[in-house]
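Student: Could we take a close look at a single part of this model, and then follow where it leads?

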Amino acid sequence: MITTLQVGEKTYTVRIASSAPLLCLPKAKTPRAVGDWAEHDGLEYDLSDPIWLEPMELTLQLNGVYVPKAGDTLILKAFGRDLSVEIRYATAHTPFEGWTEVKATLADMTPLFGSGAISQASFSADNLASRGILVAPDWDALKREPERKKAFELSSKSDNGSESPLAKGRKERSITMDVWSRGVDCVNQHLDFCARLRSQVEGKWLLRGASYFFRYQQMELISYLPKSLVATKVTLQQYRY
């Protein structure tokens with residue numbers, strides 16, 4: 001991809017080996033559970049808290065006149081957006097002669113993944129399909145009975161070693177979902193989906209006529225074909241049944 005970098009008042013034209021790393025929504029930080037003991041039916045989260053993301057670390061290979069240096073802050077043009085990037089360090093002549101490999105941090109995720117402002121909307125497979133996005137959760141995992149969990153008193157064992165739980169319930173679990181965004185506008189469709197994953201903290205989904213509660217955990221980019229396809233594998237937490 002040929003694009004521009006703005007460093008201070010100077011603008012440089014550079015070639016980036018791949019823009020694909022910019023498409024992966026960073027991993028979510030561990031959310032805060034509320035209550036003395038998480039709900040018997042999964043977990044109880046404070047849904048007034050947004051989904052916080054881990055820092056977005058990037059590895060970019062640049063080819064051009066500009067020679068990046070550690071500490072530089074630059075504006076990278078990508079997908080029609082201005083991205084603020086902070087250079088951690090750069091390695092010259094990597095991976096090839098004349099190229100520079102850059103390790104950087106995205107200073108502001110908002111242009112790519114939205115602000116994370118909480119939304120009460122829900123996901124629907126049919127609605128997503130109308131936007132050019134197809135989803136396929138791991139139905140085999142969803143059909144399995146969740147593992148059981150128990151809550152015990154501080155000292156719950158009797159003389160004969162038996163345990164007396166205060167309550168029993170079902171554990172939260174991770175569910176994977178394959179997601180495909182297709183068509184000439186696949187990148188914008190994908191980034192809009194990522195923004196919704198981040199903002200819909202309740203994570204309510206309507207799939208095959210049934211309601212599910214999935215909170216975003218992490219994303220893996222499987223395939224990227226510009227103006228054709230963005231394919232990802234998303235890990236969600238089923239925290240309520």
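Student: In what order do the six strands of the open sheet lie, and what kind of pairing do they have?

Tutor: The order is β7-β12-β13-β14-β11-β8, and the pairing is mixed. Before we dig in, a word on what you're looking at: this is a predicted model, where local features need pLDDT of at least 70, side-chain atom pairs count only at pLDDT 80 or more, and totals for chains, interfaces and linings use all residues. Residues are numbered from 1 along each chain as its sequence is written, and side-chain values use heavy atoms, with hydrogens and water left out.

The names come from DSSP runs, numbered from the N terminus: helices are H or I with at least four residues, and strands are E with at least two. Two strands pair if DSSP finds at least two bridges between them. At the edges of our sheet you find β7 (123-124) and β8 (133-137), each pairing on one side only. Further in, β12 and β13 are antiparallel partners joined by four bridges. To see one of these for yourself, look for Leu207, whose bridge partner in β13 is Ala210.

Now stay with β13 and look at its rings. Rings of Phe, Tyr and Trp (its six-membered ring) pair if their centres lie within 6.5 Å; planes under 30 degrees apart count as stacked, over 60 as edge-to-face, and the rest as tilted. That rule gives nine aromatic pairs. Take Trp139 and Tyr212: their ring centres are 6.2 Å apart and the planes meet at 70°, so this pair is edge-to-face. Trp139 belongs to helix α3 (residues 139-143) and Tyr212 to strand β13 (residues 210-225), so the pair ties together parts that are 73 residues apart in sequence. Both Trp139 and Tyr212 are buried (buried means under 20% relative accessible area, exposed over 50%, partly exposed in between, with a 1.4 Å probe and protein chains only). Zoom out a little and you'll find one aromatic cluster made of Phe123, Trp139, Phe193, Trp205, Tyr212 and Phe214.

Some rings have a charge for company. A charge sits over a ring if NZ of Lys or CZ of Arg is within 6 Å of the ring centre and within 35 degrees of the ring normal. Arg215 does this over the face of Tyr45, 4.7 Å from the ring centre. Likewise, Arg240 has its charged end over the ring of Phe213, 4.7 Å from the centre.

Phe193, one member of the cluster, takes us to helix α4, where Phe193 is buried. The expected span of a helix is 1.5 Å times one less than its number of residues. For the 14 residues of α4 (residues 186-199) that should give 20 Å, and the end C-alpha atoms are 20 Å apart, which agrees. This helix is mostly covered, with 11 of its 14 residues buried. Among them are Cys186, Leu191, Cys194 and Leu197.

What about those cysteines? A disulfide is a covalent bond between the sulfur atoms of two cysteines. Here it is a pair of cysteine sulfur atoms within 2.5 Å, and a search of the whole structure finds zero. The closest cysteine sulfur to that of Cys24 is in Cys194, 7.7 Å away, too far for a bond. Cys194 has a relative accessibility of 0% and so counts as buried. Cys24, at 18%, counts as buried too.

Just past the helix, Gln200 sits in the loop between α4 and β12 (204-207). Its relative accessibility is 4%, so Gln200 counts as buried. Contact means heavy atoms within 4.5 Å. Leaving aside residues up to four places away in sequence, Gln200 touches Ile51, Ser119, Ala121, Ser122 and Phe123. Phe123 brings us back to where we began, since you have met it in the aromatic cluster and in edge strand β7.

For contrast, glance at the start of the chain. Strand β1 (residues 2-7) has a covered face, Thr3, Leu5 and Val7, and an uncovered one, Ile2, Thr4 and Gln6. Six bridges hold β1 to strand β2 (residues 10-16) in an antiparallel arrangement, with Val7 opposite Lys10. Between these strands the hairpin has two residues, and Gly8 takes a positive phi near 65°.
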